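Me: Please take a close look at one residue of this model and the part of the fold around it. I would then like the account to continue, in one connected answer, through the helix packing, the enclosed segments and the salt bridges.

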Amino acid sequence: MYEYLQVFFGAILLIALTFPLSNNFKAINYKNILYAILVMFLFAFILLNNFVNQFFEAISNGVAKLSSATAEGTSFLFGSLFESHPYVFALNVLPLIIVMSCLSALLWHWRILPLIIKGLSYVCEKLFNLGGPVSFGAAANVFVGQVEAPLFVRPYLQNMSKKELLILMTAGMATISGSVMIALAGQLENQFADLNVVRHFLTASMLSVPAAIMYAEIMYPSNDVTNTINTETDEKIYKGSMDAITKGTRDGLNIAVNVAAILIAVLALVSIVDGVLGLISENLSLQSILGYVFAPICWLMGIPWNEAIGAGELLGIKLATNEFVAYIQFGSLDPDVFSEKTKVIMLYALCGFANFSSVGILISGIGAMAENRKSDLIEVSGKALVGATLASCFTGLIAGLFV
């Protein structure tokens with residue numbers, strides 16, 4: 001009974017935390033908040049139910065084959081270096097990002113991804129009274145990156161309302177792309193030996209879309225709606241299959257290089273900060289400070305207080321650095337540090353691009369597509385970061401109820 005009261009109290013507070021950030025809390029559509037929560041529970045019930053096990057088992061087998069195929073290409077390129085060090089991050093994870101990006105572009109050109117995304121965007125469009133472009137752009141984040149998703153609705157960015165831009169940014173930071181999703185799954189084998197991690201990553205991203213819409217509704221309530229998307233013309237971004245392969249590979253390479261570069265820089269900066277803090281006290285570090293700051297948020301998600309500080313460290317590291325650093329840290333922990341329930345909650349809570357560097361990436365990325373909206377993007381960016389972080393936390397809370 002205590003656990004259910006903790007989650008109920010936590011759900012209310014995780015939503016209430018954003019009310020002071022609302023530009024007009026009297027105009028908030030509470031029906032949309034209720035719908036968002038109901039949709040999240042419905043998605044969780046369907047995707048985490050045993051009757052879909054075979055479907056996700058097939059996906060898991062496909063991921064294993066994809067990883068094996070990627071290893072063949074990596075081995076050909078790096079030869080004995082890869083064979084001697086098959087688990088080195090740069091040789092194992094980064095090539096998978098490139099291959100997955102290429103495959104995603106190909107599936108988009110073959111109109112397989114647009115068909116799946118339309119189903120999710122239709123739900124958002126009808127339930128939350130959203131325009132087609134923002135619904136489609138938000139839903140696309142489940143499968144593609146936070147900058148790639150707005151590309152699919154680029155013609156409409158100029159005319160989107162601030163609320164719609166906020167939804168687009170929040171959804172972008174509350175989810176992770178398919179290419180990164182597959183790469184991250186391998187980092188958690190130490191924690192989830194018997195769990196289909198890809199299944200939970202996909203579920204987390206799908207739950208985060210209505211959660212992102214809910215927080216955007218609270219922080220920037222508005223009834224402005226853009227025009228319906230023209231799927232016949234706006235989805236054709238590749239000239240052919242080979243064009244999709246080459247552009248997808250190029251985009252994947254950019255992502256992989258950015259991931260590698262930011263990991264080097266961020267981990268170095270964290271080490272420098274820890275060194276400075278160590279001069280003050282041997283037990284003081286950035287991670288320990290963040291643990292205490294984010295421990296109450298972790299408790300609100302349903303994590304026991306004796307595990308909340310350790311979980312808060314991971315949540316803080318994700319916000320201050322990125323999800324890769326947080327998941328690598330998570331995967332390196334002793335499997336007995338957290339209970340099984342806490343592990344699943346944290347898998348969901350860390351699932352998203354919500355960090356300070358992503359804010360800059362989104363402002364520059366979307367701003368390049370719609371230069372006249374850059375000031376509006378900057379205006380809503382802080383709310384987007386808060387909303388995306390809490391959206392991932394809310395999905396963690398819901399996932400904890402189904403463990």
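Reply: In this predicted model, F402 is a residue of helix α20. With a relative accessibility of 33%, F402 falls in the partly exposed class. Once neighbours within four places in sequence are set aside, F402 is in contact with F41, A44, F45 and L48. A further relation in space joins F402 to N49: their C-alpha atoms are 8.8 Å apart, although the two positions lie 353 residues apart in chain numbering.

The account now passes to helix α2 and its packing. Helix α2 spans residues 30-47 and packs with helix α7, residues 112-128, at an angle of about 150°, the two axes being 10 Å apart. Because an angle over 145 degrees counts as roughly antiparallel, α2 is roughly antiparallel to α7. The crossing of α2 past α7 is right-handed. On the α2 side the contact is formed by N32, Y35, A36, V39 and F43, and on the α7 side by L120, L127 and F128. In composition, the residues of this contact comprise 7 nonpolar and 1 polar, with no charged residue among them.

Helix α7 is flanked by loops, and each of these holds a residue with a noteworthy backbone angle. R111, in the loop between α6 (94-109) and α7, has a positive phi of about 70° although it is not a glycine. The relative accessible area of R111 is 35%, which makes this residue partly exposed. N129 is placed in the loop between α7 and α8 (132-140). Its phi is likewise positive, near 55°, in a residue other than glycine. N129 has 52% relative accessibility and therefore counts as exposed.

The loop that connects α1 (2-16) with α2 contains S22. S22 counts as buried, at 12% relative accessibility. Apart from residues up to four places away in sequence, S22 touches I28, I218, M219 and P221.

Helix α12, residues 197-219, is among the elements that cover the buried residues of α18; the others include α15 (286-300), α16 (305-320), α17 (323-332) and α20 (374-402). Helix α18 itself runs over residues 340-349, and 8 of its 10 residues are buried, so this helix is largely enclosed by the rest of the structure. The buried residues of α18 are T342, K343, V344, I345, M346, L347, Y348 and A349.

K343 also takes part in a salt bridge: its side chain meets that of E340, with an N to O distance of 3.3 Å. E340 and K343 are 3 residues apart in α18, a separation of about one helical turn. An α-helix has 3.6 residues a turn, so residues three or four places apart point the same way. The relative accessible area of K343 is 2%, and K343 is accordingly buried.

In total, the structure holds 8 salt bridges. Another of them pairs K163 with E217, whose closest N and O atoms are 2.6 Å apart. K163 belongs to helix α10 (residues 162-174) and E217 to helix α12, so this pair ties together parts that are 54 residues apart in sequence. Both partners of this bridge, K163 and E217, are buried.

A further salt bridge is formed by D376 and R373, with 2.9 Å between the closest N and O atoms. D376 counts as buried at 15% relative accessibility. R373 is buried too, having a relative accessible area of 8%. These two residues are part of a network of salt bridges that links K162, R373, D376 and E379.

To return to the starting point, F402 lies in α20, and α20 is also one of the helices that cover the buried residues of α18. The contacts of F402 with F41, A44, F45 and L48 stand beside the packing of α2 with α7, in which F43 is one of the contributing residues of α2.

Methods. Residues are numbered from 1 along each chain as its sequence is written. This is a predicted model: local features need pLDDT of at least 70, side-chain atom pairs count only at pLDDT 80 or more; totals for chains, interfaces and linings use all residues. Side-chain values use heavy atoms; hydrogens and water are left out. Axes are lines fitted to C-alpha atoms, for helices over the stretch in contact, and angles run from 0 to 180 degrees between N-to-C directions. Helices (H or I, at least four residues) and strands (E, at least two) are DSSP runs, numbered from the N terminus. Angles under 35 degrees count as roughly parallel, over 145 as roughly antiparallel, 65 to 115 as roughly perpendicular and the rest as oblique. A crossing is left-handed if the near helix is turned anticlockwise from the far one by less than a right angle, and right-handed if clockwise. Contact means heavy atoms within 4.5 Å. Ala, Val, Leu, Ile, Met, Phe, Trp, Tyr, Cys and Pro count as nonpolar, Asp, Glu, Lys and Arg as charged, and the others, Gly among them, as polar. Buried means under 20% relative accessible area, exposed over 50%, partly exposed in between (1.4 Å probe, protein chains only). A salt bridge is a side-chain nitrogen of Lys or Arg within 4 Å of a carboxyl oxygen of Asp or Glu.
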